[in-house]
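Student: I should like to learn how the features of a protein model are read, one at a time. May we begin with the overall fold and then turn to the contacts between side chains?

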Amino acid sequence: MLILSVIDSAVAAIDCELKIVEMELAHPERFVRPERQSPLAKWNGSISELLEMAIPVHCSGKIAKPTGEQMAYSDVVALIENVFGQQISRPYERKSKLLARKKDETPFLHKLISVFRTEVEKSLL
């Protein structure tokens with residue numbers, strides 16, 4: 001009886017492994033992480049400024065996976081890391097600290113709005 005139980009467990013484990021292999025063959029993009037490429041751009045600001053932009057873009061749902069599904073915050077961070085070639089350590093801790101700001105929650109976003117308004121004024125001249 002013990003031998004049958006062990007064989008049954010082994011067959012179940014093999015069945016699970018076969019299903020994983022089938023999923024890998026059907027959706028290789030979910031199992032193979034692309035090799036790290038050289039950065040597409042250089043970020044000249046701080047990591048906090050970068051995340052100050054990324055958090056509202058992520059939360060607004062304006063950025064999605066190629067399949068159309070919402071990206072997780074960790075996916076957005078990975079995207080930023082790949083684009084700018086920057087390693088962002090402790091992204092969830094950094095996000096919490098940014099969201100806990102008391103005095104001026106979004107100084108970099110305010111600066112961007114000011115720069116944008118200046119460009120609008122220039123274009124009207």
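The dialogue below takes up the fold, the core, the aromatic pairs, the salt bridges and the surface in turn.

Tutor: Bear in mind that this is a predicted model.

Student: How many helices and strands does the chain have?

Tutor: There are 5 helices and 0 strands, and from the N terminus on the elements run α-α-α-α-α. Of the 125 residues of the chain, 16% count as buried.

Student: Which residues of the largest nonpolar core touch the most other members?

Tutor: That core holds 14 residues, and the ones touching the most other members are Leu50, Leu51, Tyr73, Val76, Val77, Ile80 and Ile88. Helix 2 and helix 3 each supply at least two residues of this core. The greatest contribution is that of helix 2, with 5 residues.

Student: How does one read an aromatic pair, and what is the geometry of Trp43 and Phe84?

Tutor: Two values are read together, the distance between ring centres and the angle between ring planes; an angle over 60 degrees counts as edge-to-face. The count here comes to 3 aromatic pairs. Trp43 and Phe84 lie 5.5 Å apart, centre to centre, with 65° between the planes, and the pair is edge-to-face. This pair links distant parts of the chain, 41 residues apart: Trp43 is in the loop between helix 1 (2-26) and helix 2 (47-60), and Phe84 is in helix 3 (residues 73-84). Ring pairs also bring in Phe108, so that Trp43, Phe84 and Phe108 are linked into a cluster.

Student: Is Trp43 buried or exposed?

Tutor: Residues under 20% relative accessible area count as buried. Trp43 has 14%, and is therefore buried.

Student: Why is the pair of Tyr73 and Tyr92 called edge-to-face?

Tutor: The planes of Tyr73 and Tyr92 stand at 70°, with the ring centres 5.1 Å apart, so the pair is edge-to-face. Because Tyr73 lies in helix 3 and Tyr92 in helix 4 (residues 91-99), the pair ties together parts that are 19 residues apart in sequence. The two partners may be read by accessibility as well: Tyr73 is buried at 3%, whereas Tyr92 is partly exposed at 47%. Tyr73 has a further neighbour, since Lys95 lies over the face of its ring, at 4.5 Å from the ring centre.

Student: How many salt bridges does the structure hold, and how is one read?

Tutor: The structure holds 5 salt bridges. For each, one reads the distance between the closest N and O atoms, then the location of the partners. Asp75 and Lys65 form one of these, at 3.7 Å. Asp75 lies in helix 3 and Lys65 in the loop between helix 2 and helix 3, so the bridge ties together parts that are 10 residues apart in sequence. Lys122 and Glu119 form another, at 3.2 Å; both lie in helix 5 (residues 107-124), 3 residues apart, about one turn of the helix.

Student: Which residues are joined into one network by salt bridges that share partners?

Tutor: That network consists of Arg90, Glu93 and Lys97. Within it, the closest N and O atoms of Glu93 and Arg90 are 3.3 Å apart. Glu93 is partly exposed at 37% relative accessibility, as is Arg90 at 46%.

Student: Which residues make the nonpolar surface patch?

Tutor: Ile3, Leu4, Ile7 and Val11 make a patch of about 410 Å². Among them, Ile3 is in helix 1 and counts as exposed, at 62% relative accessibility.

Notes. Residues are numbered from 1 along each chain as its sequence is written. This is a predicted model: local features need pLDDT of at least 70, side-chain atom pairs count only at pLDDT 80 or more; totals for chains, interfaces and linings use all residues. Side-chain values use heavy atoms; hydrogens and water are left out. Rings of Phe, Tyr and Trp (its six-membered ring) pair if their centres lie within 6.5 Å; planes under 30 degrees apart count as stacked, over 60 as edge-to-face and the rest as tilted. Helices (H or I, at least four residues) and strands (E, at least two) are DSSP runs, numbered from the N terminus. Buried means under 20% relative accessible area, exposed over 50%, partly exposed in between (1.4 Å probe, protein chains only). A charge sits over a ring if NZ of Lys or CZ of Arg is within 6 Å of the ring centre and within 35 degrees of the ring normal. Patches are made of residues with over 30% relative accessible area and no salt bridge: like charges are joined within 9 Å, nonpolar side chains (Val, Leu, Ile, Met, Phe, Trp, Tyr) within 5 Å. Accessible areas come from the Shrake-Rupley method with a 1.4 Å probe; for residues, only the protein chains shown count as cover. A salt bridge is a side-chain nitrogen of Lys or Arg within 4 Å of a carboxyl oxygen of Asp or Glu. A nonpolar core is a set of buried Ala, Val, Leu, Ile, Met, Phe, Trp, Tyr and Cys residues joined through side-chain atoms within 4.5 Å.
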